[in-house]
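Got the viewer open? Let's take a short walk through this one, starting with the whole chain and then zooming in.

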Amino acid sequence: MTPPRHDARNGAAEVLARCAELDAFTAAPDRLERVYLTPEHAGANRATAAWMERAGLTTWVDAAGNQWGRREGSTPDAPALVLGSHLDTVPDAGSYDGMLGVLMAIAVAERLQETPLPFALEVVGFSDEEGARFGKALLGSQAVAGTWDPAWWELRDQSGVSLREAFTGFGLDPERVGEAARRPEQVVAYLEAHIEQGPELEAADRSLGYVTTIAGARRFHLRVLGEARHAGGTPYPRRRDALVGAGEAIVAIERLARASDCIATVGQIEVRPGAVNVIAGQADLSLDLRAATDDERDAMWDRMRAEIERICAQRGLTVEVSEQHRASVAPCASWLQEVIRTAITTTGDSEPMALWSRAGHDAMAVASIADIGMLFVRCRDGISHHPAEEVREIDVAHGIDALERAVLGVAEVWHADR
Ligand SMILES: [Zn+2]
């Protein structure tokens with residue numbers, strides 16, 4: 001007998017109400033801020049666990065503070081299809097980045113409660129995706145992927161608390177973090193629903209899209225060196241102005257990126273000596289560079305670097321470059337892209353839109369132990385990491401339908417493979 005189905009719109013309304021309920025777990029009364037290993041992290045885990053239990057899942061918090069729920073498949077101890085996203089936020093966050101994907105996953109588990117599946121179904125709320133507290137992103141999902149780096153224990157937050165101390169304060173044992181790691185044979189696949197955090201779906205008037213790949217960023221520190229001199233007494237031919245050179249470099253970076261499919265951002269600049277009547281002798285800039293493939297990104301960096309060096313040489317400046325971060329692109333498995341694409345078509349979109357994710361996600365970390373797939377949900381004006389983040393109930397309703405259909409799609413592939 002087919003179990004009674006919830007009305008799709010009602011399921012979405014409940015997901016949105018729960019997103020709003022999670023807003024209460026914040027470090028500040030007037031804005032949303034929920035970072036790793038804090039009382040508000042524990043509170044969000046508890047609320048999420050209660051919803052998981054209502055969906056028929058058995059819950060636990062793992063050795064890295066991630067909240068899990070699981071129901072068994074038709075055979076006990078079968079590997080699990082994992083659905084999830086993250087429960088932590090940036091400071092002054094919106095209500096949907098991360099949380100929406102966790103709560104949609106719980107809604108799907110609830111709907112499938114009476115539906116037999118050949119694998120176990122798990123939902124995870126990752127504890128730290130944003131890296132807002134310790135400056136290192138994806139801590140929760142990297143623990144699950146078994147890629148935890150012991151060097152991270154000495155990372156400190158703004159109050160000087162080390163990651164090790166924060167673990168202990170949360171009631172976790174740093175020596176046991178390895179127990180959070182899952183083995184590849186325990187995971188069928190990982191599916192993550194997430195707001196798009198960009199404007200493409202809205203521009204194309206679509207509720208949903210499927211992700212082809214998650215960009216891996218490269219981040220650089222650029223130091224432009226000139227000569228600090230008197231602002232009045234130094235004529236132009238004698239100047240080696242590091243700030244003007246840096247300004248020209250920033251414009252060139254944007255020009256090159258705009259003419260390509262890459263996206264580049266200079267988000268920080270610091271000038272020395274930084275006085276009103278002194279020519280800048282040094283300018284330090286950050287550069288964040290992303291593309292759909294590592295090759296495109298690396299080729300763009302080679303061009304940018306050559307152009308920055310040319311600009312600096314023309315002005316008698318030198319430039320020093322150091323790479324701060326480099327992550328490889330994480331492709332979504334082609335079979336999961338197809339499963340999600342097909343699932344979206346059941347919501348009335350006959351030609352679902354493919355997108356590459358310019359933002360990082362937990363799925364990148366999970367990719368080292370399992371095939372990954374991602375479903376994007378339209379968000380208003382592409383706004384994210386901001387309290388004005390907004391989603392439409394109809395899009396969430398379609399998203400829950402598609403995610404449920406994708407779980408059944410994975411089960412079909414699983415059967416066909418056996
Ligand atoms: Zn996110």
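Keep everything selected for now, and remember that this is a predicted model. Look at how the chain folds back on itself: among contacts between residues at least 6 apart in sequence, 77% join residues at least 24 apart. Colour by secondary structure and you should find eleven helices and 14 strands. The radius of gyration is 24 Å, close to the 22 Å that the globule rule gives for 418 residues, so the chain is as compact as a globular protein of that length. Turn it along its principal axes and the C-alpha atoms fill a box of roughly 90 × 50 × 40 Å. As for burial, 48% of the 418 residues count as buried.

Now select residues 334-345. That's helix α9, twelve residues reaching 17 Å from first C-alpha to last, close to the expected 16 Å. Show side chains for L336, Q337, V339, I340, R341, A343 and I344, which are the buried residues of α9. What do they pack against? Add β5 (187-195), β6 (208-214), β14 (372-377) and α11 (393-416) to your selection: those are the partners.

Next, stay with β14. Six of its six residues are buried, with I372, M374 and F376 on one side and G373, L375 and V377 on the other.

Finally, check the neighbours of β14 in the pairing. β5 runs parallel to β14, joined by six bridges; pick H194 and you'll find its bridge partner, F376, in β14. β6 pairs with β14 the antiparallel way, over three bridges, and L208 stands opposite V377 of β14.

Notes
Residues are numbered from 1 along each chain as its sequence is written. This is a predicted model: local features need pLDDT of at least 70, side-chain atom pairs count only at pLDDT 80 or more; totals for chains, interfaces and linings use all residues. Helices (H or I, at least four residues) and strands (E, at least two) are DSSP runs, numbered from the N terminus. The expected span of a helix is 1.5 Å times one less than its number of residues. A residue is buried if 20 or more other C-beta atoms lie within 10 Å of its own, exposed if 12 or fewer, and partly exposed in between; C-beta atoms are placed from the backbone. Two residues are in contact if their C-beta atoms, placed from the backbone, lie within 7 Å. Two strands pair if DSSP finds at least two bridges between them. The radius of gyration is taken over C-alpha atoms; the globule rule is 2.2 Å times the number of residues to the power 0.38.
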